[in-house]
Structure formats: C-alpha cells, structure tokens
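Work through the exercises below with the sequence and the model open. Each task is followed by a solution in steps.

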Amino acid sequence: MSKWTEEDNDPLETHARAILLLATQHELPGLERAVEMLELLVNQHPADAYFLSDLAAGYIVLGQRKEEPLHLAKAMVAAERSLKLDASLAEGRFNRALASSRLSLFADALTAWDSYIELDPDSPWAAEARVWQRRAVNVPDAAEEWKEARDRLAAAAERRNADLVLELVEVAPTAARLWLQDTVLPEWGSAHLEGDENSARRSLTTARIVAEVLTERRADRLLLDAVQAIERAKGQRLRLLADGHRAYGEATLSYRAFDLTAAGRSYRLASDLLGAGDSPFRAWAVIGSAVLEYQEHDLPAALGLLIPLRKQAERLGYNSLAGRTAWIIGLCQIYSNLPTEALESYKIALERYRALGESESVGNLHARLAELYYWILGDPESAWRHRLQALSALPSIVDPRRKLFVIGEAASALEADLPRAARDLQREALRIARRFPEDPGNLAIALRTYGETRLDEDPEKASAHLEEAFQISWQVPDSKVRKSIQGRLREVEGRLWAGVDPSRAIASYTAALELLPLDELFVYRAQLYLERALIHLSSDRRAAAEVDLRASVREIEKEWQQVLNRRQPGEHESLWAAYFGSWQQTFDLMIRLQVEMGNSDEALAYAEKARAREILDLIDHRLSSQPSSNGTFVPLTADEIRHSLPAGTVLVEYALLDDQLLTWTFRRGESTGFDAQPIERSLVDRAVAKIQRAAAGRNPDLDPEALHWLHSILVKPILEIVRAGDRLVFVPEDSIHGVPFAALRDDSSDRFLIQDHAIAIAPSATLMLYAERRSREMPHQPKPRVLLVGDPAFTPGLYPGLRQLDGARIETKEVAELYLHTDHLQGRDATVTRFLSLLGRADIVHFAGHAVSVPNDPSKSMLVLAPDGSSDSGALYASDLLRHESLRARIVVLSACSTAGGHAIGALGVSSLVRPIIGAGVPAVVGSLWDVSDLATRQLLIELHRSYSTGADAATALQEAQIALLEKKNRALSEEFSWAPFQVIGTSSLMTSNKKEH
C-alpha cells in the first residue's frame, strides 16, 4: 500500500485498496490514506455513486477515530451526493443515516433510517439500522419531562421531601433554577403583597427547599442567600423584597413576549427594590437590564453593568451568575467585533455551567461557540466539535428559545450542502415554536428559517411561510426587535426572488439593508451587499455590482479595523488565518469584476487589501512608538508600488481565481504589466502538491514536469519586462506559496530561475515595500552583532522522532568565524531564556535546530530549544515570539525543517514561524519550504553568510549559495531537493559593508 501514488489510474484497483485499508487498518495514517484514495477516486469519477458512498463510509470511520465531527458532516455530504446519483443505493442510504445519527441530528436521522429500512428491510444491516431508528424515535422530550417534574416539585417541597426534590431537580437543573427565579419567588412576592400569607408561605417553603438542594448539589448558594434575605426581612424591607421579586417576574414575562420596553422598566424597578432590600438577587435584575442594553445596542452601558457584576459573582462563588455574566459579555464582544475576546468569555461561561452540571446551559453555549467559530472565525472544524456537543445536549434543553437556537445554528451550517437535513431540523424547530404562540418573535424566526430551507425545493411554500412570518412579526412589541426580524425576512425574500425576478430580489435586499442600523452588524451588512452584487452581476449590471462590492469591502474593513484595534499580539493566534480568509469571496469577485472592466490597477488594489493586513497591523503595533513609524498601514495602490520600488527590482503579484491566474508585474517608474491566463485553480494546486509530495519522498529532482509547467504559467508571462540581473520579488497566493521559485525551469534554456535572478518572496507588495523602507531606516552597523543557536540539547522524550543535529553545531561554528561579534548558544546553553535575553541586541539571528509546525494551531508551532530546569519543555512557541517586544534584527535565518511552509499558509501570507518575526519588523527571514538535509543545509547557509557578511543583500547571498550547491559535483548537494526549499521572505535587507577584517 505504501507504493500507491496519485498517478495510479486503475479506479477499481484503487477502490479495492482503499476498502481493504478501511477494513483492516486501525491506526490513523492507514485510515487517512484510505480516505485520500477515495477522495481521489471521487475527484476523478464524480458521477460514481458507489465511490461517493464508500467515501462517506471512510469519513465516518475517520471521524470516529479522530473524534472530529467535521468528517461526519463530510460523510453526510458525500452520502447525499451518492443518493442524488442513485436514490436506490442501499449503502448510500445507510451511510447517510449513520452519519446523521453520529452527529445527533435526531429528526434527520429518523427520516434517513426510515428511508433505508424501507429499501432494505431484511439484510444483516437492517438489524443495526433498527437499533439506530429506535434511538432516534425514543429521544426524550425535556420540556414534557420537566413539565411533569415541575408539577410534582412544589408538592414535594411543601412536604419537605428533600430526596424527591433532588430527584425532580435533577430532571432539568437549569429549568429548576429558572423556575425558582422567574416563577416561585415572584409568586411569593405577589402573594405577600396581596395579603395571602398561606400562599406566600407555601411559595417560600418551596423556594427554600429547592434552593437548599441546588446549593448542596450545585455548589451555588445565590438563591439560598436570596431566600434567607427574605426570611430575615421585616416590615418595610420585606415589602421592598416582595415588590422587587414581583417586578422581576413581570420583567421576565415581558421579555419572553419581546416587549422589551416593558421588560426594561420592570428590570430597573426590580433592581432598585431588591437593592434597597439588600438582596443578592438584585444581580439577576441587573443582568436582565444588561441584556436589554445589549439588545438596544448600547454595548458600553451593558458592559458597564456586567463587568463589575461578574467580578462580584466570582468573588462570592455564585457560579450561575458568573456564567451568565460571562455569556452576555461574550455576546456584547461579538457585537463589538471582538471575536477572540468573545471566545474567551464563552469558555469562562462554559466552565461555570459545567461546574453546576447545567447541561441545558452547557449545550446552548456549545451552540454559541459553534456559531462563533463557523460564521465569524471561519474555523469549521472547531465549529463542528462544539455543534456536536450542542446537538447531543438537545434532549436536555427545556427552554424553547434555547432549543430553537441550537437547532437553528446547526440547520444554518447544513443548509448549503445538506438541504434535506436542514429542512428536517427546521421543521422540528417550527413544530416547537408553534407550541408557544404567545412568543411571536420566535415563531416568526422559525417560520423564516423553515422557509429558507424550502427556497429551492418549493418556492411557493417558502413564500407562504415568509409571508406568515412577516404578518406575525408585527405582533412583536419592541420596534428594534421587530425591524431585526423583518430585515432577515427581507433578506430571505431576496434570495427567494434572486433566480426568478432579479428586480424584486434587489428591492428585498435594499429593504433589508434599510432596516439594519448603519454603525453595527458590519459582517451581516457586508454579506447583504455581496448577495445583492451577485444578483446585479447575474443581470449584467456591472456598475451596480461594483457599487455593492465596494460597500461590502468597506463593511469588512470596518470590522477588521475594530478587531485589530483591540487585539493584543500573542492572544488567540490560532484564529487569525481563518478569520481573515473568510471574506476572500468578496475580494475575488471584485478583482474579477475590475479585470473584466479593464481596470487591472484597481483589481490589484483589492488584491492588496485582502493580503497581509493582520501582519501589517502587527508591525504597526510594534513600531507605533518609534519616530520612523507613520501610523496605520494602508494597502498601496498600483501607482504607489510603481514609484516606490527600488531600481533593478521587479515585483510580481499573483491572484489565483477559480478559473484564472492573474499576474501583475511592476518595475520602478514603468507601466504595470498585466496578464490573465485561463487556468483552473485545481491544476495549479495539483502541480504544487506533486512537488511537495516529491520533496516529502526526498526525490532529488523533485518533479521536473511540474516545475517546467509552473515556470510556463508563473514566469514566462513576465519575461518581457524582466532584464538580466533583475532581482525578482514574488507575491504568491494560496497554493502558489508552496512553489520553490528558485527551482522553476525554463523549457527552452533548461536553466533554473535562480541561475539568472536573485529571488525574494513577500506576503504583499505593501509589506515588501515597508520592509525595504524599514531596512533603509535601520541604523548602519559596520560590525553587526550576531546571535547563533546551534543544536540545542532538547529533552528527547518530549520530541519523539527528533535527533540531535551534529551538522547544526558545525554550521553555527563556521558561521561564527565570519563575524566579529557573536553570541553563540549550543547544547544545554541554548535555552529559551538565554535565547530571548540575547535576541533584543542581535542584528543577525541564525537558528540551526529543529522546528515543529502545528497546522491545527499555528500559534503552537515552535523552535525546539534546551530546557531551563526540569519543568521546562524548551519549546519557544510562535505566540511567545509575538509577545517578545525587543527584536531589532535585520535578518533572521531559520535553519530548520519547514519553517517557511510545510502546510497551507492561508490568508496571512506567511508560515506560523515566519509571521511573528516579520510582524516584529524584521525586514527579511530565510526559511525552508520542506524538511531539509542536514549536510546540504549546512553547506548552503554557510555560503549564504559568506556572501552576506561581505556586503551582498540577503536575496543575492541566497542566490549565490544556491548556485554554489547547484554546481557541486556531489549529487546529494546539487539536486533541487537540497537547495530549492530555501527562500528569503520580506526583502533583501542589505547589511551594507561589514566584511570581517583579518
């Protein structure tokens, strides 16, 4: 099996091998290989239902083994595709149903198992299917169970039967707490004020017994403290507490009816009364007021109430209060475009509710986290992990609003690829909402979301649901809530009419935008502008589409700026690549439109807007206090790039669209060269992947065919502008980041590109030109200080598979001989503490050791150093480098494996280990695209320093070093595998004359 390659072209043999692997392998590499083979088959034979069904099976096995629900979602998609090709395929129906069951999509699973059993009632698989079917049928109804428990709870409390009270509270702990807060204590207040002391006594007894149980089993005594405050009170104070609890009950009823004005009055009154009565329960009234401030979009007011309240709750150990304040703070942070801060708040809330054992609140918070990861942070894998936990908790959720949110979040994520599953979920949500007609807002939302799922299948019924929802929405008392609901209805209406009546669709989107506030919801407004632009384009209204796309980009940039203004370097680093890549469709569409309209310079401006914005902000954050900094970086225009380029430099920027490769070429003072080639993105991806696989297999000449082809599409279009000796700076995109430009080979001359030109790589033209300016402004160092790290003595047990690198020791010793002033760390001396203490005074940094890339969490990518004590791992994480303030180096050389590549770089434009160094303002980093040879790396980088130390710039020094290896007679050194992976990222960073005197 290890000999299988993508070039094997017998589909039946490949299929048999993949199925054998799935059946016999239990280790991850074998299962991943099987899925890779099935994915290849599906790509080559997309109309084969059997291959798709087996791919679904592979995803299910892999998802279970890796505990990654995203693979189960992929399984549902693959199985659904197989059934569209062949609805009678039993295997497809079984896999579709099994994936749905594994994801706890109970309504969809029941439909799917019914469908399978109807087709295949008697096979051995049918018995397993019926087990799953029964599970889907017998999912408990938490609302019904709680209703029965609640009716018995008051009687059990009145009899002081603590054991039975505990049993009934455990049916639904969240619902029991809310019932005590929202119903029992307000009933006591009303009865006391009306002089019905028997009823008041019964309510207070119930409250005490239930509060005691909650305190004993849930370690949260706020409600017991509130009951004891009532029991201690007399006279006027007792009346204040009764009035306060009654007002709180009225507030919750108004809030559930979406009468936010009345709710606000009652919450404020309850807060004043309960505060005057010295009850800790006042905190819940304050939370109610904060929620309303949030819904009125007065976020400073909401946070002003919540932040001190959360501190109080943490201090007193009121976990439910601490959890709820963190939850609402998270909502405020999302609305303030602070997604990473919201993530932290949600996690705090989740921790508190887990401690309380409140599975309903835990489930709802998992749904909130799924929403945040999926729609805002662009991380579907993390989203599906949380979504699965939310769906698994669905049977324990009593509150219909919370149940509807969990269902709606999952359905929204499934809508694009699994419309049937989304429809089944939304049908269930509508059934729940219709049971509560007194809640018109939720019923309108449920009608809208169910109508969304029927847009393509049955537009007439979808329209009827939307119209019903619109009529019901007028029953919502609060005007802002009503406008929000109606705005979403208009958006869905726009999608309904998009393919039928474009003019009507545009009117619907316009109405939706008019219903939204101008200074909020930037992401949502950006999406609406994008969707309206797509309709304009479908009707060939390019000018109108351009206006909307410009508006969409403005909204995106507003959000980006808010997020970047508040973030701290080193925090939530794993999220940024996905976050900044989530709006690429808008930029790609605008780039395409500008090209079609003949505005290639304008297209380039939008390409620059989408690139390296986060890294430029990192640099600005670091250098804003320095005199040379001129404030926030603005992406440069084509004219600014032309006039700023150094003489003898040609900058080449690419945009890789689905069906086109766009190339801009710049030389100082000359007009921009532009080329558009009709090339499928997948072809470029495949060619780069072949080179990466060849490198992984240590193939000496990589893949000559791929290198020649990439030269023909990436380099040939620019040759008319390029002159002999020019330095070339490439700005790649997507998979082009993995291209070893030095090894690209001309068909006609058979020369490598590096033989004729020095080469550098930049995340964006703006960042490259900033690096040039930064390099010029850095103080001249005739005798630079060099920090060398060679072969740190790491702890072997912490890094299995890594070995000590004798060549790295030799490498740094030989580099040290080229410079006068060096700090040299080797072996046990090369600790994180020592390295960071010397980093701030080094002009040149050279690290020769091991680097570890962590694709799932780039912030955890690391340089491996020696431990500083028994409890130290010796890991210097990328996030640690970002927090290090005193980096002044002109160039950093990373002599390690895969420091400039190794996995998809994404929207940030650089690898996880290069990013913190570039972000600290270092003009140039030298790194490698793949795992490298110890011997070849030593020879190459010693040659690089030999040239650099005598006055060559970084790109020229690397060129001379690569040519030196290329011309070696030793084949292990001269082949492309050995010298091609190294790149200069940033700029050439000339050290000027610093030749060592002997």
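**Exercise 1. Backbone at R698 and D278**

Task: In which loop is R698 found, and what is the value of its phi?

Solution. Step 1: R698 is found in the loop between α34 and α35 (704–714); helices (H or I, at least four residues) and strands (E, at least two) are DSSP runs, numbered from the N terminus. Step 2: Phi of R698 is near 55°, a positive value in a residue other than glycine. Most residues other than glycine have a negative phi. Step 3: R698 has a relative accessibility of 46% and counts as partly exposed; buried means under 20% relative accessible area, exposed over 50%, and partly exposed in between (1.4 Å probe, protein chains only).

The model is predicted: local features need pLDDT of at least 70, side-chain atom pairs count only at pLDDT 80 or more, and totals for chains, interfaces and linings use all residues. Residues are numbered from 1 along each chain as its sequence is written, and side-chain values use heavy atoms, with hydrogens and water left out.

Step 4: D278 also has a positive phi, near 60°, and is a residue other than glycine. Its place is the loop between α14 (260–276) and α15 (282–295). With a relative accessible area of 56%, D278 is exposed.

**Exercise 2. Salt bridges**

Task: How many salt bridges does a search of the whole structure find? Then examine the pairs of R681, R751 and E491.

Solution. Step 1: The search of the whole structure finds 61 salt bridges, a salt bridge being a side-chain nitrogen of Lys or Arg within 4 Å of a carboxyl oxygen of Asp or Glu. Side chains of opposite charge can pair when their charged atoms come close.

Step 2: R681 pairs with D658, and their closest N and O atoms are 3.2 Å apart. R681 lies in helix α34 (residues 681–696) and D658 in the loop between β1 (649–656) and β2 (661–667), so this salt bridge ties together parts that are 23 residues apart in sequence. R681 counts as buried at 16% relative accessibility, whereas D658 is exposed at 53%.

Step 3: E491 forms a salt bridge with R495, with 3.8 Å between the closest N and O atoms. The two are 4 residues apart in helix α25 (residues 479–497), which means they are separated by about one helical turn. E491 is buried, with a relative accessible area of 5%; R495 is partly exposed at 26%.

Step 4: The side chains of R751 and D756 meet in a salt bridge of 2.9 Å, N to O. R751 is partly exposed at 34% relative accessibility, and D756 is partly exposed at 35%.

Step 5: E415, R448, E452, R488, E491 and R495 are joined into one network by salt bridges that share partners.

**Exercise 3. Two helix pairs**

Task: What is the angle between α1 and α2, and which residues make the contact? Repeat for α8 and α10.

Solution. Step 1: Helix α1 (residues 11–24) packs on helix α2 (residues 28–44) at about 150°, with the axes 8 Å apart. Axes are lines fitted to C-alpha atoms, for helices over the stretch in contact, and angles run from 0 to 180 degrees between N-to-C directions. Step 2: α1 and α2 are therefore roughly antiparallel; angles under 35 degrees count as roughly parallel, over 145 as roughly antiparallel, 65 to 115 as roughly perpendicular and the rest as oblique. Step 3: The crossing is left-handed, a term for a near helix turned anticlockwise from the far one by less than a right angle, with right-handed for clockwise.

Step 4: The contact (heavy atoms within 4.5 Å) includes L21 and L22 of α1 and M37, L38 and L41 of α2. Its residues divide into 9 nonpolar, 3 polar and 2 charged. Ala, Val, Leu, Ile, Met, Phe, Trp, Tyr, Cys and Pro count as nonpolar, Asp, Glu, Lys and Arg as charged, and the others, Gly among them, as polar.

Step 5: Helices α8 (residues 142–158) and α10 (residues 173–193) pack at about 50°, with their axes 11 Å apart, and are therefore oblique. Their crossing is right-handed. W146, R150, L153 and A154 of α8 meet A175, A176 and W179 of α10. By class, this contact of α8 with α10 has 6 nonpolar, no polar and 1 charged residues.
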